[in-house]
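Here is a short briefing to read with the model open beside you. It covers a sheet, the helices that touch its strands, and some aromatic rings.

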Amino acid sequence: MTQLTVYQRTTPTDYPIFDSLGPISRGGMRKNPTLICAPIMVETVEKIVADTVKAKASGADLVEIRFDSLKSFNPIDDLDRLIKLSPLPTLFTYRPVWEGGRYDGDENKRLDALRLAMELGVDYVDVELQVAQIFYESICGKKPKKCKVIVSSHNYQNTPVEDLGNRVARIQADGADIVKIATTALYITDVARIFQITVHSQVPIIGIVMGKKGLTSRILCAKFGGFLTFGTLESGVVSAPGQPTIKDLLDLYNFRQIRLDTKVFGIIGNPVGHSKSPALYNVAFKSIGFNAVYVHSLVDSLVNFLQTYSSTDFAGFSCTIPHKEAAVKCCDEVNPVAKSIGVVNCIIRRQSDGKLFGFKIDYVGAISAIEDGLRVSQNISSRTSSPLSSKLFVVIGAGGAEKLLAYGAKEKGARVVIANRTYDRAKELADVVGGDAISLADLKMFHPENIMILANTTSIGMHPKVDETPIPKNALRYYSLVLDVIYTPKITRLLREVGESGAAIVSGVEMFIGQAYEQFKSFTNLPAPKELFWTTMAK
């Protein structure tokens with residue numbers, strides 16, 4: 001298994017574009033030389049010109065113009081015009097179908113266009129490894145000094161870990177000024193191999209892993225010395241799978257501030273793209289000048305992920321569905337509360353020895369939010385005992401998170417009922433926490449009391465299935481307060497219908513922020529900027 005080790009690397013500085021990029025207007029002062037390239041794939045030259053202007057305004061350092069996307073292309077007229085009108089350095093790519101592009105015409109005409117672009121003064125051309133030797137032979141060593149040749153290799157099926165080193169060596173041997181390797185992530189651990197190759201490369205290198213599981217390659221390339229990353233002008237309009245927007249690179253991930261010694265934190269889950277955690281933590285890191293970045297990590301096997309990214313640079317993780325229970329076995333040490341219920345939702349890697357310490361803190365935010373909600377709705381003084389005391393507390397779900405929430409309610413004096421689709425699973429948890437069990441189907445007729453509290457801890461109603469709800473609206477009239485741990489959307493169907501019935505609601509946002517306070521302190525050893533958290537989540 002590939003194991004990632006971070007090495008010091010000297011970034012080449014003999015490329016004029018590095019020297020010309022100083023302080024920038026978007027994303028803060030540059031802390032790394034990695035460029036942001038905006039790929040432009042449109043059907044007309046006029047639209048290309050317009051998009052190059054947008055790219056500069058968005059904060060891009062250069063543009064990749066994809067000629068294979070044009071409906072009509074006259075190299076002699078169009079190349080000269082585009083070079084002169086682009087406000088940014090230009091990379092010209094004319095990608096053939098056999099390398100994942102759209103051009104399906106005469107190969108000699110395609111290479112002729114790239115040679116002409118070099119002669120007219122383009123900054124970079126992209127030539128596929130398969131034809132690189134032919135291309136170099138055709139220019140007879142007469143490459144303009146200004147123009148740099150990127151020799152690229154794309155694999156849209158997988159990341160051939162054992163072959164990557166040989167492929168990079170072959171590209172270097174062919175005389176590339178810049179190496180480009182783009183593979184496809186079947187697992188997030190595939191990205192580690194690209195990072196290793198990047199830090200060891202003796203020439204500038206673009207190392208990209210495509211797909212959702214390869215997202216970190218596009219962000220952390222700034223840490224490992226990548227020459228550039230690709231950022232799109234619009235969400236979903238991509239030239240390769242998994243490209244983030246320029247806005248996300250700059251504003252969500254603080255791309256300009258990432259450097260070799262930047263610590264990496266992240267949210268581990270599957271799915272994970274919906275998580276608001278990167279927005280919350282990255283803005284907080286930036287506000288206090290903490291040298292760290294927080295990323296989405298789409299993980300299949302937690303064991304493989306933690307073993308692969310074992311460097312102390314990968315300093316901590318928030319752990320969500322479906323890895324919370326597996327995390328207990330993956331950690332070297334687990335705090336007593338998390339161990340007793342068999343669930344971990346936060347992992348810290350100790351800098352002294354690299355060992356993993358796991359604990360569970362999200363239930364603290366949930367219980368506190370429920371208590372605050374009850375005090376406000378029932379006008380109860382904060383000086384009195386917990387408003388949960390003696391209340392009937394119904395928890396929907398029977399996993400690790402539900403267990404901890406039930407424990408928390410029991411500690412406050414509540415009587416607990418576990419409701420689950422599978423009654424046996426509900427009964428198993430109820431026996432552990434000292435409560436009662438009921439099937440989810442029977443919950444709609446369950447109302448032994450008229451003042452109950454309900455907590456939905458399942459994913460029912462989470463984006464994209466926002467029309468789902470775990471309990472019919474007519475059954476909600478028996479509850480004085482309902483918590484839904486889901487925060488995407490902020491107001492689920494369940495909470496909307498609860499509000500219509502007149503009961504108090506506690507959203508997943510309130511629980512999420514309470515949890516974030518504790519995790520932020522664990523990550524940084526600093527107090528959380530609470531007001532900033534609320535402002536960020538309100539956007």
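The notes below start with the sheet and then turn to the rings. Please keep in mind that this is a predicted model. Its open sheet has 6 strands with mixed pairing, and the structure holds 25 aromatic pairs.

**The sheet**
- The strand order is β10-β9-β11-β13-β14-β12.
- At the edges are β10 (292-298) and β12 (333-334), each of which pairs on one side only.
- Strands β9 (residues 263-269) and β11 (residues 314-319) run parallel and are joined by 5 bridges.
- If you look at I267, you will find its bridge partner in β11, namely S318.

**Helices on the sheet**
- Helix α10 (residues 277-288) lies across β9, β10 and β11, and runs at about 170° to β10.
- Helix α19 (residues 508-524) also packs on the sheet, touching β9, β10, β11, β13 (346-349) and β14 (356-359).
- The direction of α19 makes about 10° with that of β13.

**Aromatic pairs**
- F305 and Y309 form a tilted pair, 5.1 Å centre to centre with 40° between the planes; F305 and Y309 are both buried.
- The ring centres of F357 and F359 are 5.5 Å apart and the planes are at 35°, so this pair is tilted.
- F357 is partly exposed, with a relative accessible area of 27%, whereas F359 is buried at 8%.

**Ring cluster and charges**
- Ring pairs link F265, Y281, F285, F290, Y294, Y517, F520, F523 and F533 into a cluster.
- K530 lies over the face of Y517, at 4.7 Å from the ring centre.
- K223 lies over the face of F224, at 5.8 Å from the ring centre.

Conventions
Residues are numbered from 1 along each chain as its sequence is written. This is a predicted model: local features need pLDDT of at least 70, side-chain atom pairs count only at pLDDT 80 or more; totals for chains, interfaces and linings use all residues. Side-chain values use heavy atoms; hydrogens and water are left out. Two strands pair if DSSP finds at least two bridges between them. Helices (H or I, at least four residues) and strands (E, at least two) are DSSP runs, numbered from the N terminus. Contact means heavy atoms within 4.5 Å. Axes are lines fitted to C-alpha atoms, for helices over the stretch in contact, and angles run from 0 to 180 degrees between N-to-C directions. Rings of Phe, Tyr and Trp (its six-membered ring) pair if their centres lie within 6.5 Å; planes under 30 degrees apart count as stacked, over 60 as edge-to-face and the rest as tilted. Buried means under 20% relative accessible area, exposed over 50%, partly exposed in between (1.4 Å probe, protein chains only). A charge sits over a ring if NZ of Lys or CZ of Arg is within 6 Å of the ring centre and within 35 degrees of the ring normal.
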